[in-house]
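Welcome! Let's look at this structure together and ask, step by step, what lies behind the words used to describe it.

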Amino acid sequence: MQKNRKDLIKSMCFNALFAALYVVLVLAFGDFSFGFTNGLISLRIAEAMIPLCCFNKKFIPGAIIGCLCANLIGGNPIDIIVGTIQTILSVMVLHFVKPKQLSLLLASLICGVIIGLELYFIGASAIGLWVICTTFIGEMIILELGYLVIKKY
C-alpha cells in the first residue's frame, strides 16, 4: 500500500513538473508558440516534450494539463478547448500506436488538421489547406526532434 502511494505522489510530481515546464516553454517562445505571420507558421517548442508519452503513459496527464494551462494563459478561447482536445488525441496516438515513427506522423497530422482548421475558421488564415500543411510540418519537425533527443538520452 505504501509503495503505491509513493508511486502516485511521484507520478503527480513528474506531471506537475512536466506541465509547468511546458507552460514556461510556451510563454518563453510566445510568438513561435502561438504562431506568427498571421498564424500561418507555428513551432511550439514545448511540443518537443510530448514524445515522452511514447515511452511512458504516466506523462499523458502532464502533457494535457500543460497544454490546457498554456492555452488558458496565452491562447484564444477556442484554442483552450480545441487545442486541448487535439493534445489528448495526439498523446493517445503517441502512446498506443506502434511503430513510433507512424505515431509521430499521425500525431502531427492530427495537429495539422485540427489546429489548421481551427485557425482557418477563426479567421487567422484565409488559406485553409496552406495553414493545415504548415501546422503539420511545424509539428512534425518538433515531435521528431523531441523524440530523437528523448530516445538518445
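Q: Where is Leu-109 found?
A: Leu-109 is found in helix α6. Bear in mind as we go that this is a predicted model.

Q: Why is Leu-109 called partly exposed?
A: Its relative accessibility is 42%. Partly exposed covers the range between 20% and 50%, so Leu-109 counts as partly exposed.

Q: What makes up the nonpolar patch on the surface that includes Leu-109?
A: Leu-109 is joined there by Val-113, Leu-117, Tyr-120 and Phe-121. Together they have about 460 Å² of accessible area. A residue needs over 30% relative accessible area to be part of a patch, and Leu-109 has 42%.

Q: Why is the pair Asp-7 and Lys-3 called a salt bridge?
A: The two side chains meet at 3.6 Å, N to O. The cut-off for a salt bridge is 4 Å, so this pair qualifies. A search of the whole structure finds one salt bridge.

Q: How far apart are Asp-7 and Lys-3 along helix α1?
A: They are four residues apart in α1, which spans residues 2–28, so about one helical turn separates them.

Q: Are Asp-7 and Lys-3 buried or exposed?
A: Asp-7 has 32% relative accessibility and counts as partly exposed. Lys-3 has a relative accessible area of 59%; exposed means over 50%, so Lys-3 is exposed.

Q: How do you know that Thr-135 is buried?
A: Its relative accessible area is 3%, and buried means under 20%, so the word fits Thr-135. This residue has its place in helix α7, residues 128–152.

Q: What does Thr-135 touch?
A: Leaving aside residues up to four places away in sequence, Thr-135 touches Cys-111, Gly-112, Ile-115, Gly-116 and Leu-119. In addition, a polar atom of the Thr-135 side chain lies 2.7 Å from the backbone oxygen of Val-131.

Q: How does the reach of helix α5 compare with what is expected?
A: Helix α5 runs over residues 77–96, 20 residues in total. From first C-alpha to last it reaches 29 Å, close to the 28 Å expected at 1.5 Å a residue.

Q: What lies at the start of α5?
A: There, a side-chain oxygen of Asn-76 comes to within 3.0 Å of the backbone nitrogen of Ile-78. The cut-off for a polar contact is 3.5 Å.

Q: Which elements do the buried residues of α5 pack against?
A: They pack against α3 (52–55), α4 (60–74) and α6 (100–121). Among these buried residues are Gly-83, Thr-87, Val-91 and Leu-94.

Definitions and conventions
Residues are numbered from 1 along each chain as its sequence is written. This is a predicted model: local features need pLDDT of at least 70, side-chain atom pairs count only at pLDDT 80 or more; totals for chains, interfaces and linings use all residues. Side-chain values use heavy atoms; hydrogens and water are left out. Helices (H or I, at least four residues) and strands (E, at least two) are DSSP runs, numbered from the N terminus. The expected span of a helix is 1.5 Å times one less than its number of residues. Buried means under 20% relative accessible area, exposed over 50%, partly exposed in between (1.4 Å probe, protein chains only). Contact means heavy atoms within 4.5 Å. A polar contact is a pair of N or O atoms within 3.5 Å; within protein, one must be able to donate a hydrogen and the other to accept it, and residues adjacent in sequence count only if both atoms are side-chain atoms. Patches are made of residues with over 30% relative accessible area and no salt bridge: like charges are joined within 9 Å, nonpolar side chains (Val, Leu, Ile, Met, Phe, Trp, Tyr) within 5 Å. Accessible areas come from the Shrake-Rupley method with a 1.4 Å probe; for residues, only the protein chains shown count as cover.
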